[in-house]
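Please explain how the interior and the surface of this protein are arranged, going through its strands, helices and aromatic side chains in turn.

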Amino acid sequence: MYGKNLDKLADILRAVMASDSLRMTDIAREMKGSYDSNLKKIKRFLYSCDIQSFEDALHRLCSDDAPFIICDPSIIERPEAVKTEYVGRVRPDKRGFCLMLFAAPFKGRALPVGMHSYSPATFDLENSSRNIEHIKGLDSVRSLIEDKPVIFDREFSYSSLLKDFIAEDQQFIVRLNQGNKVKIYDHLENEMELSIGCGETKIWKNLFYRNEIPVSVIGSWKEGYKGPIFLITNIEETENALSCYLQRMKIEETFRDLKSHLGIDKNMSLFKENMVKMMFIAMLAYTIALIVGEIIRANFSNKKKEKHFLDFLFSKNTDT
């Protein structure tokens, strides 16, 4: 993505930040020049760049020293998009698609490093499934992950995915889905009872998920919480799994920012390819804003309590 395309991207990024929306019509209104020509400019730009160009641009902004990668799916609702082929019924009462986001921890947030989207509608079109799409998402960022552990919530606690991790020598930290009543066994094939009291943290090593996948388990029940959480992992420093997992909230903050400051839930692209490209544009804008915001915080912070730097950067009243 070079030359004129890079200039066009810069114009679009500025307009996305100003509009708080990922809807092309809203972005076009914030760009200099006539609305009609701006709308055509956005469409021509999307047509001229492939998805790999956007992925490469986002990857260049990533830091190699991130200690781990966080993965989290979020539903992007599109209730009115009954004729949009990539939109399906993600829940009995909701239409939309699932955005699987990968991000690296950065201060109080997480920097997006990749994404993957799917829905029941795309399962039918592409002869796919949720499990296959999870693997596709991981494959798209495999070169960035390298030897870093990836943190997942309980939606990813299932055998076929864990087997793939083992086969790929991928480090993982996954919250155990206790609702599935999965059995854990020791090395003598005795079923383990994972029991823990309030205020306690325990570690069990050399266990087997469903008596076939080698894992360690760490359990923690913090005071004030209704019950414990249990994590399964294959990282050597099992005691570090809990502190890493608790930083998963950073990606939830990032999703909130992407929706409230960049309007990713207002992405109304008819075709999946354009939707994906627009999502990458939002993530590029967010990453740049987050990095610049931290520079502002470091260089211009004072004793007065300022509003959050993201609110400052996305404010329509600023010239930044």
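Is Phe-152 buried or exposed? In this predicted model, Phe-152 has a relative accessible area of 0% and is therefore buried. The cut-off that matters here is 20%, since a residue under that relative accessible area counts as buried.

Phe-152 is a suitable starting point for the aromatic side chains. The structure holds seven aromatic pairs. In one of them, the ring centres of Phe-45 and Phe-54 lie 5.9 Å apart with the planes at 90°, so this pair is edge-to-face. Phe-45 and Phe-54 are both buried. Another pair, formed by Phe-152 and Phe-165, is stacked, with 5.3 Å from centre to centre and 25° between the planes. Because Phe-152 belongs to strand E5 and Phe-165 to helix H8, this stacked pair ties together parts that are 13 residues apart in sequence. Phe-165 has a relative accessibility of 0% and so counts as buried. Ring pairs also link Phe-152, Phe-156, Phe-165 and Phe-172 into a cluster.

Within that cluster, Phe-156 is found in the loop between strand E5 (150–152) and H8. Phe-156 counts as buried because its relative accessibility is 0%. Leaving aside residues up to four places away in sequence, Phe-156 touches Cys-71, Pro-73, Met-100, His-134, Leu-161 and Val-174. By contrast with these contacts, Ile-291 is 135 residues from Phe-156 in sequence and 30 Å from Phe-156 in space, C-alpha to C-alpha.

Helix H8 itself comprises residues 159–167, and its buried residues include Ser-159, Leu-161, Leu-162, Asp-164 and Phe-165. In an α-helix there are 3.6 residues a turn, so residues three or four places apart point the same way. After H8 comes Asp-169, which has a positive phi, near 55°.

The next element to consider is a pair of strands. Strand E3 (residues 94–106) pairs with E4 in the antiparallel sense over nine bridges. Across this pairing, Cys-98 stands opposite Tyr-118 in E4. E3 and E4 form a hairpin with two residues between them, and Lys-107 in the turn has a positive phi of about 55°. How many residues of strand E4 (residues 109–118) are buried? Ten of the ten are, so E4 is largely enclosed by the rest of the structure.

Residues of this region recur in the surroundings of a charged side chain. Glu-133 lies in helix H6, which spans residues 130–140. With a relative accessibility of 0%, Glu-133 counts as buried. Not counting residues up to four places away in sequence, Glu-133 touches Met-100, His-116, Ser-117, Tyr-118, Phe-123, Glu-126 and Ser-128. Met-100 is thus a contact of Glu-133 and also of Phe-156.

The account now turns to the surface. Which residues form a nonpolar patch there? Leu-61, Ile-288 and Val-292 do, with about 180 Å² of accessible area together. Leu-61 sits in the loop between helix H4 (51–60) and strand E1 (69–77). Its relative accessibility is 32%, and for that reason Leu-61 counts as partly exposed.

How values were computed:
Residues are numbered from 1 along each chain as its sequence is written. This is a predicted model: local features need pLDDT of at least 70, side-chain atom pairs count only at pLDDT 80 or more; totals for chains, interfaces and linings use all residues. Side-chain values use heavy atoms; hydrogens and water are left out. Patches are made of residues with over 30% relative accessible area and no salt bridge: like charges are joined within 9 Å, nonpolar side chains (Val, Leu, Ile, Met, Phe, Trp, Tyr) within 5 Å. Accessible areas come from the Shrake-Rupley method with a 1.4 Å probe; for residues, only the protein chains shown count as cover. A salt bridge is a side-chain nitrogen of Lys or Arg within 4 Å of a carboxyl oxygen of Asp or Glu. Helices (H or I, at least four residues) and strands (E, at least two) are DSSP runs, numbered from the N terminus. Buried means under 20% relative accessible area, exposed over 50%, partly exposed in between (1.4 Å probe, protein chains only). Contact means heavy atoms within 4.5 Å. Two strands pair if DSSP finds at least two bridges between them. Rings of Phe, Tyr and Trp (its six-membered ring) pair if their centres lie within 6.5 Å; planes under 30 degrees apart count as stacked, over 60 as edge-to-face and the rest as tilted.
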